[in-house]
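Here are my notes on the model you sent over, as numbered points. Have it open while you read, since I jump around between residues.

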Amino acid sequence: MILTENFWQTLAITLKRFGISLFSGAIAGFGLGLVAGLRPSIRNVLEPVRWSLMSIPPVVLVTIGMVWFGMGSIQTIFVTSLLILPIMYVNTIEGIDAVDRSLLEMGRVYKAGSLLLLRDIYLPSIGGPLLAGLALSAGFGIRIVVLAEVLGAYTGIGYEFSLARTNLETATLFAWIVVCLMLVGVFEFGVLNPARNYIMRWKEGEST
């Protein structure tokens, strides 16, 4: 498969959809989680939405996306971003809740502004949970992208899964499974783990 042009075109399509979905879902989840973590009243409003998104089966959202946007990239990106969002939202709130309250009190005593508190206290504390959320989102996102492509796309790895299933090509089916595992592994061990190690060293340096 690697020696064919179709393999690389298929891989590029799925990677593009996955990258856009991960970026948009992570940014939206982080932004909403940051606001909800700092404002309990907003958290009370968003919690039912978060619970609903994490409770609805992905195949239902894929079906809704197909009805709204038709077949193709838009519904795939929409569904994947929507399901990544609550993961980042929850991890952001957990990071904010874990912030050392004594540091916040000290910042308020010295009349530190909101931007200073956010940059020097909140963001370093939520770095770890955010990276953990990204790792979860990467694995989950690949599965959702492929599922959305199986049900509602004419291109991508999911579509190749569908063709292999229809033609009873078991070897091709498992080959694409290996490709999905490699994608998640490269992202986690090649990107997230070095970033996590860098943040931990930076936090240790700050504490000393």
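1. Start with the contacts between residues at least 6 apart in sequence: 76% of them join residues at least 24 apart. Keep in mind that this is a predicted model, so each number here is computed from predicted coordinates.

2. On secondary structure, the protein has eight helices and zero strands. Reading along the sequence, you get α-α-α-α-α-α-α-α.

3. Now burial and surface. The protein has 208 residues, and 38% of them count as buried. Its accessible surface is about 11700 Å², with 70% of that belonging to carbon and sulfur atoms.

4. The largest nonpolar core has 29 residues, and the members that touch the most others are L134, I142, I157 and V179. At least two residues of this core come from each of helix 1 (5-38), helix 4 (73-97), helix 6 (114-152), helix 7 (157-166) and helix 8 (170-207). Helix 6 gives the largest share, with 10 residues. Another core lies apart from this one; it has six residues, including V62, V79, I144 and A148.

5. Have a look at I157 in particular. Setting aside residues up to four places away in sequence, I157 touches T10, L11, T14, V146, E149, W176, V179, C180 and L183. One of those partners, V179, is also listed with I157 among the core members that touch the most others.

6. Next, S21 and its surroundings. S21 sits in helix 1. Is S21 buried or exposed? S21 has 0% relative accessibility, so it counts as buried. Beyond its neighbours within four places in sequence, S21 is in contact with A26, T76, I77, T80, S81 and I84.

7. G141 is worth a stop too. This glycine is in helix 6, and with 0% relative accessibility G141 counts as buried. Leaving out neighbours within four places in sequence, its contacts are F18, T80 and I84. The C-alpha atoms of G141 and F18 are 6.8 Å apart, although 123 residues separate the two along the chain. T80 and I84 may ring a bell: S21 is in contact with both of them.

8. Helix 3 is easy to check by eye. Its 12 residues reach 16 Å from the first C-alpha to the last, close to the 16 Å expected at 1.5 Å a residue. The residues L61, V62 and G65 of helix 3 are buried. How do the buried residues fall when seen down the axis of helix 3? They keep within an arc of 105°, so they line one face of the helix. As background, an α-helix has 3.6 residues a turn, so residues three or four places apart point the same way. Just after helix 3 comes G70, with a positive phi of about 80°.

9. On to the aromatics, where the structure holds six pairs. In the pair of W68 and F69, the ring centres are 6.4 Å apart and the planes meet at 85°, so the pair is edge-to-face. W68 also pairs with F78: here the centres are 5.9 Å apart and the planes are at 55°, so this pair is tilted. Because W68 lies in helix 3 (residues 58-69) and F78 in helix 4, the W68 and F78 pair ties together parts that are 10 residues apart in sequence. Separately, ring pairs link F7, W8 and W176 into a cluster. W176 has come up before, as one of the residues that I157 touches.

10. How accessible are those rings' residues? W68 counts as exposed, at 57% relative accessibility. F69 counts as partly exposed at 38%, and F78 counts as partly exposed at 25%.

11. Last, a backbone detail for you to look at. Which sign does phi of L168 have? The value is positive, near 55°, in a residue other than glycine. L168 is in the loop between helix 7 and helix 8, and at 72% relative accessibility L168 counts as exposed.

Methods:
Residues numbered from 1 in each chain as written. Predicted model: local features only at pLDDT ≥ 70, side-chain atom pairs only at ≥ 80, totals over all residues. Heavy atoms only, no water. Core = buried A, V, L, I, M, F, W, Y, C linked by side-chain atoms within 4.5 Å. Buried < 20%, exposed > 50% of the residue type's maximum accessible area, 1.4 Å probe, protein only. Helix = DSSP H or I, 4+ residues; strand = E, 2+ residues; numbered from the N terminus. Contact = heavy atoms within 4.5 Å. Areas by Shrake-Rupley, 256 points an atom, 1.4 Å probe, with all protein chains shown as cover. Phe/Tyr/Trp six-rings, centres within 6.5 Å; stacked < 30°, edge-to-face > 60°. Expected span 1.5 Å × (residues − 1). Arc of directions from axis to C-beta.
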